[in-house]
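Reader: I have the sequence and the model open. Please walk me through them with short questions and short answers.

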Amino acid sequence: MKIHEYQAKQLLAQYSVPVAPGKVCTTPEEVRLSASEFCGGGNKCVVKAQIHSGGRGKAGGVKLAASPQQAFEIATSMLGSTLYTHQTGPEGRVVHKVLVTTAVSVRREFYLSITADNENAALVIVASADGGTEIEETAKTHPERIVQIPLSPVMGFKRYQAIRTARALGLAGPLEKELTSILSALSRLYVDKDCSLVEINPLVETDEGHLLCLDAKVNFDDNALFRHPEIVALRDVDEEDPREYRASQSDLSYVSLDGDIGCLVNGAGLAMATMDIIKGFGGAPANFLDVGGSATAEKVKAAFEIILSDTRVKAIFVNIFGGIMKCDIIAAGVVSAASELGLNVPLVVRLEGTNVDEGRRILSESGLNVIEASDMADGARKAVRAAKEARA
Ligand code: GDP
Ligand code: MN
């Protein structure tokens, strides 16, 4: 799960990481009011689009204002607009909120993060003296300027890791001390909240000679969210794929993809194989969807509704191997969703396993126009052909 910059900064502040003061706003009027706290009289403020994406600076989502009036004008054009960054894809992201914050005079910009190092089953501190908006470029052209320092999730953060990080960033004396407490806070936050990424870019040295977090990104491990209701409360549904959100509400494993064949499958392995075989026959899956081993007819119905709500879907492929999952339950869920919502695309069904005869009977008696498949390959071939014909 992802959260916004303003929420990440609030979390960091709870761990005593120094962040620039700011306020999140949803209207230009609110921005004018908040900006009057932060700018005017020679002091500037920054208006920052709050979307779940980096690269906002380059896309026009981070703007300096010299007065509350100017902040108001920036917010007027930013709020409701769509930002296109290298992370949003071609569809972009609509800006619903902006953060108004004090503008800081910056001496140096650093990159600092903690993330999981799966290969070593550990955490890793990633640091670079070349922080800021060009970090991806640095990673490509000068990877040696980005250092990685292993961090044990069990032993926690140790002094020598701070020394190595400070050396990599060229920080000494009081700044090294400030860095040490920031690193210690980040590693505690990472473990406490089951994060998958805690990133500050840029961490800056201000003109006054202190370290300050100007931008923050915190991602969480979805599998641990049940332990953190306070984190789940930070969820912004506006930022999520609406179908993925609905699926998570129904406890379904669903991932949106960019093809046009909707897939309803039981078991993650079979779901992967189904996507492969569709590709193998020259088609493209619209989604990964595993309804699980013990789904109820209601859950299957919810899954089918999610697929039907996807206007890109030109054909549906239901591929079920009934083990624990019974074919009649799947059939009942499919029939109930299709008759309630109307089925306007071809439906290919391959059923095998427990209660298969009962499942087939429910489908054939439903009056639905079902294209039956004798096996998985037959089903994939028929679904690819049906989608192709629907496109033509
Ligand atoms: P991102 O592009 O989405 O990563 O957004 P950031 O919050 O990192 O802002 C982009 C860039 O704007 C930063 O790397 C800074 O160089 C600059 N920036 C943002 N806030 C300030 C500020 O208060 N003072 C100065 N001098 N630069 C800022
Ligand atoms: Mn940034």
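**Buried charges and their partners**

Reader: Is Lys193 buried or exposed?

Author: Lys193 has a relative accessibility of 14%. Buried means under 20% relative accessible area, exposed over 50%, and partly exposed in between (1.4 Å probe, protein chains only). At 14%, Lys193 therefore counts as buried.

Reader: What kind of model is this, and how are its parts numbered?

Author: Residues are numbered from 1 along each chain as its sequence is written, chains are lettered from A and ligands numbered from 1 in the order written. Side-chain values use heavy atoms, without hydrogens and water, local features need pLDDT of at least 70, side-chain atom pairs count only at pLDDT 80 or more, totals for chains, interfaces and linings use all residues, and the model is predicted.

Reader: Which side chain meets Lys193 in a salt bridge?

Author: A salt bridge puts a side-chain nitrogen of Lys or Arg within 4 Å of a carboxyl oxygen of Asp or Glu. Lys193 sits in the loop between α6 and β10, and its partner is 37 residues away, in helix α7 (residues 229-232). Helices (H or I, at least four residues) and strands (E, at least two) are DSSP runs, numbered from the N terminus. The partner is partly exposed at 36% relative accessibility, the N to O distance is 3.0 Å, and the side chain is that of Glu230.

Reader: How far apart are the closest N and O atoms of Glu5 and Lys48?

Author: Glu5 is buried at 4% relative accessibility. Lys48 is buried too, at 7%. Glu5 lies in helix α1 (residues 5-14) and Lys48 in strand β2 (residues 45-49), so the pair ties together parts 43 residues apart in sequence. They form a salt bridge whose closest N and O atoms are separated by 2.6 Å.

Reader: Which residues are linked with Glu5 in a network of salt bridges?

Author: We have just seen Glu5 form a salt bridge with Lys48. The network holds Glu5 together with Lys9, Lys48, Arg56 and Asp215.

Reader: Which residue forms a salt bridge with Arg145?

Author: Arg145 is partly exposed, at 41% relative accessibility. Arg145 lies in the loop between α4 (135-141) and β9 (146-151), while its partner lies 15 residues away in the loop between β8 (122-128) and α4. That partner is also partly exposed, with a relative accessible area of 26%. The closest N and O atoms are 3.2 Å apart, and the partner is Asp130.

Reader: How many salt bridges are there by this rule?

Author: One of them joins Lys193 to Glu230. By this rule the count comes to 26.

**The metal**

Reader: Which protein residues are donors of the manganese ion?

Author: Donors are N, O and S atoms within 2.8 Å of the metal (3.2 Å for Na, K and Ca); water is not among the atoms, so sites may look incomplete. The manganese ion is ligand 2, and its protein donors lie 2.2 to 2.3 Å from it: Asn201 (O) and Asp215 (OD).

Reader: How many residues apart in sequence are the parts tied together by Asn201 and Asp215?

Author: Asn201 is buried at 12% relative accessibility. Asp215 is buried at 19%. Asn201 lies in strand β10 (residues 195-206) and Asp215 in the loop between β11 (211-213) and β12 (216-220), so the separation of these parts is 14 residues.

**Cores and overall form**

Reader: Which helix gives the largest share of the largest nonpolar core?

Author: A nonpolar core is a set of buried Ala, Val, Leu, Ile, Met, Phe, Trp, Tyr and Cys residues joined through side-chain atoms within 4.5 Å. The largest has 39 residues, and Leu12, Leu112, Leu179 and Leu186 have the most contacts inside it. Eight of its residues come from one helix, residues 174-192, which is α6.

Reader: Leaving aside neighbours within four places in sequence, which residues is Leu186 in contact with?

Author: Contact means heavy atoms within 4.5 Å. With those neighbours set aside, Leu186 touches Leu12, Val17, Leu112, Ile114, Val198 and Ile200.

Reader: How many residues does the other core have?

Author: This core lies apart from the largest one. Among its members are Ile320, Ala331, Val334 and Leu351, and its size is 35 residues.

Reader: How far apart are the C-alpha atoms of Ala302 and Gly209?

Author: Ala302 lies in helix α10 (residues 297-308). Ala302 is buried at 13% relative accessibility. Along the chain, Ala302 and Gly209 are 93 residues apart, and their C-alpha atoms are separated by 56 Å.

Reader: What share of the protein's residues is buried?

Author: The protein has 13 helices and 18 strands. Its C-alpha atoms fill a box of roughly 75 × 50 × 40 Å, taken along the principal axes. In strand β6 (residues 98-102), four of five residues are buried. Of the 392 residues in the protein, the buried share is 48%.
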